[in-house]
Amino acid sequence: MPDGPARHRMLDIYLNDHLAGATSGTALARRMVQEHHASAYGNDLGKLATEIAQDRRALAALLRDLDVPVRRYKRGLAWLAERIGRMKPNGRLLRRSGLAVLVELEALRLGVQGKASLWRALLPVSALEPRLDADRLEQLLRRAEQQIKTLDALHARAVVQVLRLHPRSTPHPAP
């Protein structure tokens, strides 16, 4: 097991990687709100984008509380990656396809899942580190879990709309 300085460096890397992911997720959520504000997804996406931005600020505050320096190049790379991700092939040359909403909801869910894993990982550490507020981490974890449920519901609606598939009311029997 690494000693104090090496452990602190691992925490630095871990938290900065999550901050970079949060930067990308915040940008994606904001863009989705702009593109879908007038749609059936608009209200839910607006609430999610607000919460995701708040969670990113909570993470940045946690880095400050723990005296972990922000690695701006990681945030910059995450921002750039989100912009590059917009250029993914989608079956259309000049405009967005209906598939974009599915892929973006899935990407957002992966980000929120990662965020929930971060809060879950920090909870046991909070017993040893007085600068980590276990109650606040629990709140953030519960909110992330609710965000996952919201994203799953949005995804299910989008699948029906985009792919014209309807979920089965009963599970498919096992072979």
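The side chain of E104 makes a polar contact with the side chain of R31, at 2.9 Å. The model is predicted, so this distance, like every value here, is computed from it. E104 sits in helix α4, which spans residues 99–126. R31 belongs to helix α1, residues 4–36.

How exposed or buried are the two partners? E104 is buried, with a relative accessible area of 2%. R31 also counts as buried, at 6% relative accessibility. Both values fall under 20%, and therefore both residues meet the cut-off for burial.

R31 has another acidic partner. Its side chain meets that of E35 in a salt bridge, 3.3 Å from N to O. E35 lies in α1 as well, 4 residues from R31, or about one turn of the helix. E35 is partly exposed, with a relative accessible area of 37%. Together, R31, E35 and E104 are linked in a network of salt bridges. The network thus takes in buried E104, buried R31 and partly exposed E35.

Other charged pairs follow. The count of salt bridges comes to 11. One of them joins R142 and E138, with 4.0 Å from N to O. Both of these residues lie in helix α5, residues 134–163. They are 4 residues apart, again about one turn of the helix. E138 is partly exposed, at 32% relative accessible area. A further salt bridge links E129 with R131, whose closest N and O atoms are 2.8 Å apart. Here the acidic residue is buried: E129 has 19% relative accessibility, and it counts as buried because the cut-off is under 20%. R131 is partly exposed, at 38%.

Now turn to the nonpolar interior. In soluble globular proteins, nonpolar side chains tend to be buried together. In this model the largest nonpolar core has 38 residues. Those with the most contacts inside it are L15, L59, L62, L105, W119 and L122. Helices α1, α2 (42–65), α4 and α5 each supply at least two residues of the core. The largest share, 10 residues, comes from α4.

L15 is a good place to start tracing the core. Which residues does L15 touch, not counting those up to four places away in sequence? They are L59, L62, L63, L66, V68, L118 and L122. Among these, L59, L62 and L122 are also on the list of residues with the most contacts inside the core.

Next comes the packing of α2 against α4. Two packed helices are described by the angle between their axes and the distance between the axes. For α2 and α4, the angle is about 35° and the axes are 12 Å apart. Their crossing is left-handed. From α2, the contact is made by L45, I52, D55, L59 and L62. From α4, it is made by L105, L108, V112, K115, L118, W119 and L122. L59, L62, L105, W119 and L122 thus serve in this contact and are also listed among the residues with the most contacts inside the core.

L45 leads back to α1. Q34 lies in that helix. Q34 and L45 are 11 residues apart in sequence, and their C-alpha atoms are 9.4 Å apart in space. Is Q34 buried or exposed? Q34 is exposed, because its relative accessible area of 61% is over 50%. Its neighbour in sequence, E35, is partly exposed at 37%, and E35 belongs to the salt-bridge network with R31 and E104.

Note on methods: Residues are numbered from 1 along each chain as its sequence is written. This is a predicted model: local features need pLDDT of at least 70, side-chain atom pairs count only at pLDDT 80 or more; totals for chains, interfaces and linings use all residues. Side-chain values use heavy atoms; hydrogens and water are left out. Buried means under 20% relative accessible area, exposed over 50%, partly exposed in between (1.4 Å probe, protein chains only). A polar contact is a pair of N or O atoms within 3.5 Å; within protein, one must be able to donate a hydrogen and the other to accept it, and residues adjacent in sequence count only if both atoms are side-chain atoms. A nonpolar core is a set of buried Ala, Val, Leu, Ile, Met, Phe, Trp, Tyr and Cys residues joined through side-chain atoms within 4.5 Å. Contact means heavy atoms within 4.5 Å. Axes are lines fitted to C-alpha atoms, for helices over the stretch in contact, and angles run from 0 to 180 degrees between N-to-C directions. A crossing is left-handed if the near helix is turned anticlockwise from the far one by less than a right angle, and right-handed if clockwise.
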